[in-house]
Amino acid sequence: MDISNSNMALASTDITIYSTIREIIGASRTDQFSQVVLIPEAISSFGDQDVSRAQLSMSLFLVLYADLLERVPHALKYFNRRHLEEQTILLDHGAVRSVLSGRNGKLPAGEASLSRILIPLGYFHNHTYPLPKLRMTGRSYTHLDLPELIPQYFVSEFHPEKIEDDNFQKAVLNVIDSSIDPLDDQTLEDLKFLSENNFLARDRCADFLSNAASAFARQHEVPNIKSYETLLTQSSEMAWIATEGNSFNHATDRVRDVQSLAEQERDLGFPIKDTVEISSSENILQTAYKADTISRTFNTENDEPIQKDVPGSFFEFITRKKLEDGKLDLAFDASNATGIFAMTKEIADID
């Protein structure tokens, strides 16, 4: 059952949000999104020449969601089923991983590579979540203008120094030290303008969104298979970063009853998590598909390319309850996050 929300609705393909991303994600996907993805009514206007940071934020998330659908077959199957059944999806958040290291090539270390985009778009650092079992720290970024309606980001940093193993440390550097900075000078200027003015001119939006979206990808060179296998012995999260970089680790549908949905997906044969994660407050309930299996290229010691099946990204489901003041609980939970992150330790067969 869909969530009734008077502030969210399906929107025409002609709204500014869709017109700015059509050339990036294609007319067909844009048309599908307009029939499935709920959009905040407050930013569903047409023909805006000054495109607000809220509109740009929603647009960027849709571009990243479209990319995830291309990479995650079970997420696409779920989307297609919602489309076929004339049901909707309310995007809650996307998760991204990073590495906090002083040797990260030309890429800013850790979450700074992404927060430099999110903050000018109107996001603020909401909460910090220590993830000691994963040797990571997670941070939520929530939008200032429409906090309950524009999807959040959960940005995590891996701390390689937490694993005291010289071979592991060398493997991390072998992977990330070749990182490039994908943002061009014009995008950096756009981000500065956004920070000062809270909008961009319409004719800059497509190029800006395309380049900003490229930051949510792998920025380092094809990893060495020996380095990958070394990382995998100590941290499946760092091994995942080696192949996927800063790509969306997962995107999330906010649903009314995640328990019922999990049972439904299990009955349909989808690779859903065995349990539902429940926060200590009992306000946040989460589950997810196992990560889809993907084939990635690695280099051997002789610089010969080989293919290996590894865990890719996945799709998540969340139920959020309201706080006593009537506002939606936008928090995350460290224990939940640890359980959800385990989805990339197991891989799902693609049927």
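The following exchange goes through the sheet, several helices and the nonpolar cores of a predicted model.

Trainee: What is the strand order of the open sheet of eight strands?

Mentor: The pairing in this sheet is mixed. Its edge strands are β5 (123-131) and β10 (277-278), each of which pairs on one side only. Read from one edge to the other, the order is β5-β6-β7-β4-β9-β14-β11-β10.

Trainee: In which sense do β9 and β14 pair, and which residue of β14 stands opposite R254?

Mentor: Strand β9 covers residues 248-254 and strand β14 residues 314-320. Five bridges join them in the parallel sense. The residue of β14 opposite R254 is I318.

Trainee: Helix α11 packs on the sheet; what angle does its direction make with that of β11?

Mentor: Helix α11 spans residues 258-267. On the sheet, α11 touches β10, β11 (284-288) and β14. The angle between the directions of α11 and β11 is about 15°.

Trainee: Why do the buried residues of α11 line one face of the helix?

Mentor: The buried residues of α11 are V258, L261, A262 and E265. They line one face because, seen down the helix axis, they fall within an arc of 100°. On the other side of α11, E263 and D267 are exposed. The buried residues pack against α4 (73-84), β11 and β14.

Trainee: Which backbone nitrogen does a side-chain oxygen of D257 reach at the start of α11, and which residue with positive phi follows the helix?

Mentor: At the start of α11, the D257 oxygen comes to within 3.1 Å of the backbone nitrogen of Q259. After the helix comes a residue with phi near 85°. That residue is G269.

Trainee: How many bridges join β12 to β13, and which residue in their hairpin takes a positive phi?

Mentor: Strands β12 (residues 291-299) and β13 (residues 305-311) run antiparallel and are joined by seven bridges. One bridge pairs T293 with P311 in β13. The hairpin has five residues between the strands. The positive phi, near 60°, belongs to D303.

Trainee: Is Q55 buried or exposed, and which side chain makes a polar contact with its side chain?

Mentor: Q55 is found in helix α3 (residues 53-71), and its relative accessible area of 4% means that Q55 is buried. A polar atom of its side chain lies 2.9 Å from the backbone nitrogen of S52. Beyond four places in sequence, Q55 touches T16, I17, I43, S45, D48 and D50. The side-chain polar contact, at 3.2 Å, is with S45.

Trainee: Which helix gives the largest share of the largest nonpolar core?

Mentor: This core has 69 residues, and F33, L60, L62, Y65, Y153 and F216 touch the most other members. Among the residues that F33 touches are Y18, L62, Y65 and F79. Another core, of 28 residues, lies apart from it and includes I163, I176, F298 and F341. The largest share of the 69-residue core is 12 residues, and these come from α3.

Trainee: How many residues of helix α1 are buried, and what follows the helix?

Mentor: Helix α1 (residues 16-25) is mostly covered, with seven of its 10 residues buried. The buried ones are T16, I17, Y18, S19, T20, I21 and I25. They pack against α2 (27-36), β2 (39-40), β3 (50-52), α3 and α8 (202-213). The helix is followed by a residue with positive phi near 95°, G26.

Trainee: What separation do the C-alpha atoms of L231 and Q264 have?

Mentor: L231 is found in helix α9 (residues 225-234) and is buried, with a relative accessible area of 0%. Beyond four places in sequence, L231 touches F168, A171, V172, V175, M238, A239 and A242. Q264 is 33 residues from L231 along the chain, and their C-alpha atoms are separated by 36 Å.

Trainee: How many of the nine residues of helix α10 are buried, and which residue follows the helix?

Mentor: Helix α10 covers residues 236-244, and nine of its nine residues are buried. The buried residues include polar-named entries such as S236, E237, T243 and E244 as well as W240. The residue after α10 has a positive phi near 60° and is G245.

Terms used. Residues are numbered from 1 along each chain as its sequence is written. This is a predicted model: local features need pLDDT of at least 70, side-chain atom pairs count only at pLDDT 80 or more; totals for chains, interfaces and linings use all residues. Side-chain values use heavy atoms; hydrogens and water are left out. Two strands pair if DSSP finds at least two bridges between them. Helices (H or I, at least four residues) and strands (E, at least two) are DSSP runs, numbered from the N terminus. Contact means heavy atoms within 4.5 Å. Axes are lines fitted to C-alpha atoms, for helices over the stretch in contact, and angles run from 0 to 180 degrees between N-to-C directions. Buried means under 20% relative accessible area, exposed over 50%, partly exposed in between (1.4 Å probe, protein chains only). A polar contact is a pair of N or O atoms within 3.5 Å; within protein, one must be able to donate a hydrogen and the other to accept it, and residues adjacent in sequence count only if both atoms are side-chain atoms. A nonpolar core is a set of buried Ala, Val, Leu, Ile, Met, Phe, Trp, Tyr and Cys residues joined through side-chain atoms within 4.5 Å. The arc is that of the directions from the helix axis to the C-beta atoms.
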